[in-house]
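Please look over the sequence and the model below before reading on. The report that accompanies them takes up a few local features in turn.

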Amino acid sequence: MVSEIQAFIESQLSSGSFSLLSIFFLALGGLLAGLLPCVYPLYPITAGILKSRVSKHKWSHPLVYYIGLATMYAIFGLIAGVSGGAFNAFLRYPETQLVLAILLFILGLSVAEFLYFPFFSGDLRNSVNVSYANTFFLGIGAGLLSSPCVGPVVVSILVQLITYQTEGIRIVPILFTSLKMFVFGLGLGIPFLLIGVFGFALPKSGKWMKSVQWILALLILYFSYTYLEKAFVLWGYDSSLSAKVFLIWSLVLTFLYLQKKEGLPCERMKLSLFQLGAYTSLVVLVLLLQSAIFKFQLAIGESEPGSNSVPMEVHGNLEWHRSKTEVFRLAKETGKPIFIDFYADWCTNCKEFQKLTLTNKEWNETFKKNTILWKIYDTDLIFEEFANDPNYPELKIGLPFFLILNAEGKMIYKSNDYLDTKGMIEAIRKL
């Protein structure tokens with residue numbers, strides 16, 4: 001029943017109509033996405049930005065901030081339409097994850113009051129620098145920062161847009177989907193709006209607030225680490241290496257900060273960050289060089305599109321093939337359908353699906369006895385071949401994505417819903 005409800009909601013999101021029901025589900029989807037743990041660090045940042053911007057009309061600046069956040073999602077729709085999903089792919093680059101990690105790290109230091117940003121404060125009654133335009137662009141920034149967290153939620157909306165692009169750019173569908181994204185952004189921004197309007201009816205600051213402030217700062221720093229981890233995994237490194245780098249990064253910054261005895265804490269931290277930035281740049285250059293060498297060696301070692309130096313991966317009792325030639329040879333010999341799991345180490349739901357294939361008994365037995373399993377990584381050459389096929393616009397948006405082909409290679413099922421157990425099993429059993 002859960003799968004059926006989810007399928008109904010997704011059909012409303014990606015339908016060609018724009019009814020009150022679809023508006024409701026778009027806003028509801030945005031609101032639920034705004035409750036994801038990785039969005040939490042933005043709430044104290046929002047409170048810090050809007051704290052001194054609430055004038056006699058306490059709704060004005062929070063409302064402008066709210067509209068700015070939703071506008072960022074409308075822009076996402078426009079960019080995705082014009083670029084055919086290239087912008088969404090850009091958000092999955094390791095370099096993008098690294099930039100987000102650094103940005104969150106700096107914001108964490110700001111929440112802990114080691115750094116001071118003028119646009120996070122100011123007296124609305126006495127300062128002309130705190131304008132509505134300033135608040136609007138800060139809202140846009142909040143929308144940009146939240147986008148990697150909620151990206152999988154909007155896949156069903158953008159799939160429709162990319163499908164339109166198979167016949168070239170069309171203005172009306174692009175604007176139509178941009179409006180849908182705006183409504184989604186309005187739902188996502190509801191907690192931000194409520195924080196801006198009602199978030200200051202709390203007891204006055206005291207020692208207890210300082211503890212809360214440090215907890216929030218540590219939470220933001222933790223999410224900074226998670227983005228760094230994603231970057232390392234995308235570069236092909238072990239995730240444990242990112243923990244070591246983050247620890248060294250933090251220890252070096254602490255050492256540099258403590259070495260400076262003179263000046264205000266904020267000034268000392270700025271100088272320390274500049275020094276750390278120089279060291280980090282050297283590390284990043286080395287990592288990029290090693291990543292380029294690794295990818296070059298991988299390309300040289302591939303004897304066929306989609307092949308891999310490891311012909312098979314074993315997870316529990318399931319064997320996942322990595323060679324296109326071997327997969328179709330086995331399918332032809334046995335007559336079994338081919339189940340393709342498009343996988344990436346940065347994809348959380350991909351990992352959850354991998355767990356479910358072992359813990360769900362019916363699923364596991366169906367895969368073990370009745371299918372040829374094929375795992376394709378987003379770094380495999382064959383991945384681009386599928387992504388460029390107009391039959392699979394979902395791959396232009398993101399992962400997870402699943403395909404079931406018959407023994408002749410004809411598609412009989414596709415989905416980005418890793419919980420659609422019923423649909424996958426029924427498609428396999430029909431063959």
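What follows describes two hairpins, a surface patch and a buried lysine in a predicted model.

**Two hairpins**

Strand β1, residues 312-315, and strand β2, residues 318-321, run antiparallel and are joined by 4 bridges, and within this pairing E313 has W320 of β2 as its bridge partner. Strand β5, residues 401-405, pairs with strand β6, residues 411-415, in the antiparallel sense, again over 4 bridges, and here F402 stands opposite S415 in β6. The turns of the two hairpins are set out in the table.

| Hairpin | Residues between the strands | Turn glycine and its phi |
|---|---|---|
| β1 and β2 | 2 residues | G316, positive, about 65 degrees |
| β5 and β6 | 5 residues | G409, positive, about 95 degrees |

**A nonpolar surface patch**

Four side chains, those of W59, I190, L194 and F198, make a nonpolar patch of about 380 Å² on the surface. One of them, F198, lies in helix α10, which spans residues 190-198, and F198 counts as partly exposed because its relative accessible area is 46%, a value between the limits of 20% and 50%.

**A buried lysine**

Which side chain of opposite charge is nearest to K260? K260 sits in the loop that links α12 (239-259) to α13 (265-301), and although K260 is buried, it has no salt bridge, the nearest side chain of opposite charge being that of E267, 11 Å away. When neighbours within four places in sequence are left aside, K260 is in contact with R268, L271, S272 and Q275.

Key: Residues numbered from 1 in each chain as written. Predicted model: local features only at pLDDT ≥ 70, side-chain atom pairs only at ≥ 80, totals over all residues. Heavy atoms only, no water. Patch = residues over 30% accessible without salt bridge, like charges linked within 9 Å, V, L, I, M, F, W, Y side chains within 5 Å. Areas by Shrake-Rupley, 256 points an atom, 1.4 Å probe, with all protein chains shown as cover. Buried < 20%, exposed > 50% of the residue type's maximum accessible area, 1.4 Å probe, protein only. Lys, Arg positive; Asp, Glu negative; His and termini not counted. Contact = heavy atoms within 4.5 Å. Pairing = 2+ DSSP bridges.
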